[in-house]
Every structure is written in structure tokens, then in C-alpha cells.
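Work through the exercises below with the sequence and the model open. Each task is followed by a solution in steps.

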Amino acid sequence: MTDNSSADKPVIIIGGGWSGLATACFLAEKNVPVRLIESAKQLGGRARKSTSNTQLLDNGQHLMLGAYSEMLALMKLIGIDENDVFKRKNQHLKLLNGRTLQTVIDLKLPALPAPFNLLSGLLFSKGLTLREKLSVLYRFDKLLKKQLTAAEDRSVEDWLKNAGLPHAYLSLLNALCLAAMNTPAEKASALSFQNVLNETFNGKNGSTDLLIPAVNLGHVLPLPASLYLNKKQASILQPKKVTALVKEHNKATQVITEDQHFHAAAVVLATPPHISRQLLKPFQECNELCHHLEQFRYEPITTVYLRYNESCQIPEDLFGLTATLSEWVFDRRVCEQPGMIAVVISSNGRHMDLDNKALSLIIRNELAVLFPDWPRPAASWVIREKRATFSCTPEINQHRPGVSTAIDNLFLSGDYLVTDGLYLPATLETAIRNAKACAQEVLNYLNQ
Ligand SMILES: Cc1cc2nc3c(=O)[nH]c(=O)nc-3n(C[C@H](O)[C@H](O)[C@H](O)COP(=O)(O)OP(=O)(O)OC[C@H]3O[C@@H](n4cnc5c(N)ncnc54)[C@H](O)[C@@H]3O)c2cc1C
């Protein structure tokens, strides 16, 4: 069946993750007719709500930052009040050794403009001597100010090796690298990490703030975005899997799903690199792009949810652990799930060799060392996202495409692209920034 009813052909966006939704909202705001096609039953992609045996969870615990300026701007545009969906709090980075229970570092960054937030935070931090604090202030600033070029990119481990930073601070940076880039310091890109650190620690007032989701991820953006799109008369088709594209005279003219054909004025692939590659492979002019997309490798993220008694509570909303499988511990009380604890484990490691039951048991025992008074959890869930993010290495940075393709009206959106020359890791902010750049390119094309 062919859908050619509309004389005013829409821009078709393939993929209803945060990047596809954001692209659709930016275009709809400019009154461009939009049709979004998503293969899954629900919107949100890798940041969505997930229901397991009637228990409402997220597909993985997420954390956003005050530095996510484009995400916050999009929310404002579509009428989301930040205070309805996030708990904003000053950055508090507490890292404990999960075996010895000693504090590795405890750094609270007050709401002051950079660099005074870090300055004040370091002076009052625990885990460093005064001499070490002064050395961090000088050396960390120097490290961030000497902007790396793409040619100088190397591993984070290599970059930090000779920086002369104290051990406790290196432990914190390694933990932040793994959390922010989902790639361990020995292979993560120093250039991307430097960009993240600069945007966070040298950004606008409030950049270092933590934005902890206070509702399930579906309610943070996917649901409000779909309501906004409905209001703008954009259509959302789901679940509907796109299987192919039709190209005529160097233009993508139709999008084909399992049971329908849709005519398009322009097409946006807001799908991850491996899916975009499948859809682009038939087109010879996209050979080079497909070669770049083939180079992407992926890292998993595992979230272990443990449901304790409602009275069980951690002292802060979240903290980090070293020397354990558990890396970051979140209290889901923030999103009205008292007693639910989420433990996040980034990337690969021993946890990937364990089955879900064995992994939950280890995590439960690690928490029992910290909170000996807690009763056993009544239930647990393990959610493993095998392709949570691309592996953010110096090698892949050389293959990351921009939003345009060799086909005139075919564009890319997603967390893996590079726009404005900034090599950022796969985050919600990157997904939305690239969506904005993509929407601008689509508008330029439509207006030419
Ligand atoms: C467990 C986990 C924890 C994370 N934690 C954080 C965090 O704390 N902070 C942070 O900023 N980021 C985090 N991230 C990363 C963040 O979620 C991603 O960067 C972001 O969601 C990517 O969005 P996207 O739209 O680019 O891609 P996706 O979300 O992958 O969207 C692509 C969409 O395309 C759809 N699709 C695929 N094939 C087709 C097809 N053939 N037809 C139609 N539709 C199709 C998919 O179903 C999907 O909905 C985390 C990711 C995971 C998985």
C-alpha cells in the first residue's frame, strides 16, 4: 500500500529516540510537516521507560548535567518545566572504597561560576591534603586549558599519566571518564573527555549541577515531545520498522516499511550507526559513509535494580564505589520509588560473564557491606543494554560523520555524529545537539 495522500510531502524521521524526537520537534516548531517512524512499541530509544513484571523501571538509570544546555532549551521549547522532571542539585561527587569503606574523595561543588565552584569545592573536599588540593587546582586547570587537537588525541590514561595529579583525584577522573564516556580510561579518547570536562567545569553557572530524573525516562522527554508533535499535527507511526529507502535522481523519495510506502520531501536517519549503515548500503554514493559507520564498536551498560524495604535510604541521592563491581549507586526515592536502589555498571568487565542471578547476588552483598542493617531485597531486576553507547576512542573519532550525506535530501541525526567540531561522547545532550544541527540542515535544504 502506498501512502501518497498528502500533496505536501513530510520530512520523514526514522527513529524515535531522543535525537529523532528532538529533530522532529525542531522541525515542527518551524511548521515543517513531519512524520516520525519508530520500530519499537514505545518512544525513547536508549532512554526509555521499561516495565518488568508490572514494575515500572527505566531501561537504565540515567543522570543529566546542568551543562546539558541544548537538552534544557528543547525542554523549554516544548513546554516542559525542568522542575517537574528533574531534581537539580549541586554536584556532589563522593567516591568510597567499597571494601575498606574509606572515602576516596568527597567533592561538593557549590553553585558558583567556574572556576570558583571547583576552587571552593576542592578547598573543602575530603580525601586530599592541602598540598594535593593546591596541586590539583594548578595542574587540572593547565590540563583543561591546553586544548588537544584531533591529531594529538590519545587515551585518557596516557593523557593523565604525566599530569602530576594526586592518586585520589586520578581515581575520581577515571571514574568520571567511565561514567561520562562509557569507555575505560585506557582506551577512551582524551580529546572527548577534555571536551566533557571543559563543558562541565568551565561552563556557565550551574553546568556542574546534577539533574537526576524525578520521573521515569518516558515522562522526561518522549511523552512531552510526542504531545508537542501531536499538537503540531506531526504524525508518529509506531511500532513500524523501516526496511528500505527509495532513491531517485540523488534524492531519497520514499521510505518503505514492512507494509507501507511513504513519500518524503527529505529523510532523516535518527538510528544508531549499524542500522543507518544497513539502510544506506544499497546506495553506491554512500559507500564511504558506510565504511565509516562499519568502524563503530559498542559498549554495554548494566543497571541492577534492587527493591528493598521503603525505609532503606542511602545518605545522598547517589555515590560512586571503587574496588567493587558496583560503580554508581542511585536512590530511586528521587523518582518516587522509595526503597528501590539502582546500581550502574559501565562498559565491559567481569559482570558481563555472570548471569543475572549471580550478578544481583554480588551487588546485594556489596551493598550489605555498606548498609549492614538493611534487610534482604524483596526483588531484583538486571537490565543489560548491550549497545548502550559507541566506544568513544581516538580511533572512532576519525570516523564520526556529520549530519549531511552524499544524497541531497538525506540527513543523519544521533548521538554518534560530530557537529561544530566538538567530539563529544554518546549522551542525551550530544543526541539533542546533533538533532538541532540536523534540523537546521533540513531547513536549509527545504528553503533552497
Ligand atoms: C543504560 C544506559 C544508560 C545511559 N546513561 C546515560 C546518562 O546517564 N546520561 C546520558 O546523557 N546518556 C546516557 N546514555 C546514553 C543515551 O541514552 C544515548 O546517547 C541516547 O539515548 C541516544 O539517543 P539516539 O536518539 O541518538 O539513539 P537511540 O536512542 O538508539 O534511538 C534510535 C531509535 O531508532 C529506532 N530504530 C532503529 N531501527 C529502526 C528502524 N529500522 N525503523 C524505525 N525505527 C528504528 C530505535 O528503536 C530507537 O528508538 C545511556 C544509555 C544507556 C543505554
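## Exercise 1: The ligand shell

Three elements, α1 (18-29), β20 (379-390) and α15 (428-447), each supply at least two residues of the shell around the ligand. The model is a predicted one.

Task: state how many residues surround the ligand, which are closest, and how much of the ligand the protein buries.

Solution.
1. The ligand is surrounded by 34 residues. The closest are E38, R46, L63, Y68 and D415.
2. Look at the side chains of E38 and R46. An N or O atom in the E38 side chain is 2.6 Å from an oxygen atom of the ligand. For the side chain of R46, the corresponding distance to a ligand oxygen is 2.7 Å.
3. Then look at the backbone of W18, where an N or O atom lies 3.3 Å from an oxygen atom of the ligand.
4. The ligand taken alone exposes 1000 Å², and the protein buries 92% of that.

## Exercise 2: A buried arginine

Task: find where R400 lies, and which side chain of opposite charge is nearest to R400.

Solution.
1. R400 sits in the loop between α14 (394-397) and β21 (410-412).
2. R400 is buried, and it has no salt bridge. The nearest side chain of opposite charge belongs to D415, 7.3 Å away. A salt bridge requires nitrogen and oxygen within 4 Å, so the distance to D415 does not qualify.
3. The R400 side chain does make a polar contact, at 3.0 Å, with the side chain of N397.
4. Leaving out residues up to four places away in sequence, R400 touches several others, among them S192, F296, F390, D415, Y416 and T430. D415 is thus a contact of R400, and D415 is also one of the residues closest to the ligand.

## Exercise 3: Salt bridges, local and long-range

Task: compare the pairs K145 with D141 and D317 with K89, giving the place and the exposure of each residue.

Solution.
1. The structure holds 20 salt bridges in total. Side chains of opposite charge can pair when their charged atoms come close.
2. In the K145 and D141 pair, the closest N and O atoms are 2.9 Å apart. K145 and D141 are separated by about one helical turn, because they are four residues apart in helix α5 (residues 130-145).
3. K145 counts as exposed because its relative accessibility is 60%. D141, at 30%, counts as partly exposed.
4. The side chains of D317 and K89 meet at 3.1 Å, N to O. This pair links distant parts of the chain, 228 residues apart: D317 is in the loop between β16 (298-307) and β17 (318-322), and K89 is in strand β7 (residues 86-89).
5. D317 has a relative accessible area of 14% and is buried. K89, at 17% relative accessibility, also counts as buried.
6. D317 and K89 belong to a network of salt bridges that links K87, K89, E316 and D317.

## Exercise 4: Backbone exceptions

Task: say which peptide bond is cis, and where the positive phi values of N182 and S347 occur.

Solution.
1. Start from the usual case: most residues other than glycine have a negative phi, and most peptide bonds are trans.
2. The peptide bond from Q238 to P239 is cis, and its omega is near -10°. P239 is placed in the loop between β11 and β12 (242-248).
3. N182 has a phi near 55°. N182 lies in the loop between α7 (167-181) and α8 (190-201) and, at 2% relative accessibility, counts as buried.
4. S347 has a positive phi of about 55°. The loop between β19 (340-346) and α13 (356-370) holds S347, which counts as buried at 4% relative accessibility.
5. Q233 takes a positive phi of about 65° just after α10.

## Exercise 5: The packing of α10

Task: list the buried residues of α10 and the elements they pack against.

Solution.
1. Helix α10 covers residues 222-231, and its buried residues are P222, P224, A225, S226, Y228 and L229.
2. These buried residues pack against α1, α2 (69-77), α9 (217-220) and β11 (235-237).
3. Of these partners, α1 also supplies at least two residues of the shell around the ligand.

Technical notes:
Residues are numbered from 1 along each chain as its sequence is written. This is a predicted model: local features need pLDDT of at least 70, side-chain atom pairs count only at pLDDT 80 or more; totals for chains, interfaces and linings use all residues. Side-chain values use heavy atoms; hydrogens and water are left out. Buried means under 20% relative accessible area, exposed over 50%, partly exposed in between (1.4 Å probe, protein chains only). Lys and Arg count as positive and Asp and Glu as negative; His and the chain ends are not counted. A polar contact is a pair of N or O atoms within 3.5 Å; within protein, one must be able to donate a hydrogen and the other to accept it, and residues adjacent in sequence count only if both atoms are side-chain atoms. Contact means heavy atoms within 4.5 Å. A residue is near a molecule or strand if one of its heavy atoms lies within 4 Å of it. Accessible areas come from the Shrake-Rupley method with a 1.4 Å probe; for residues, only the protein chains shown count as cover.
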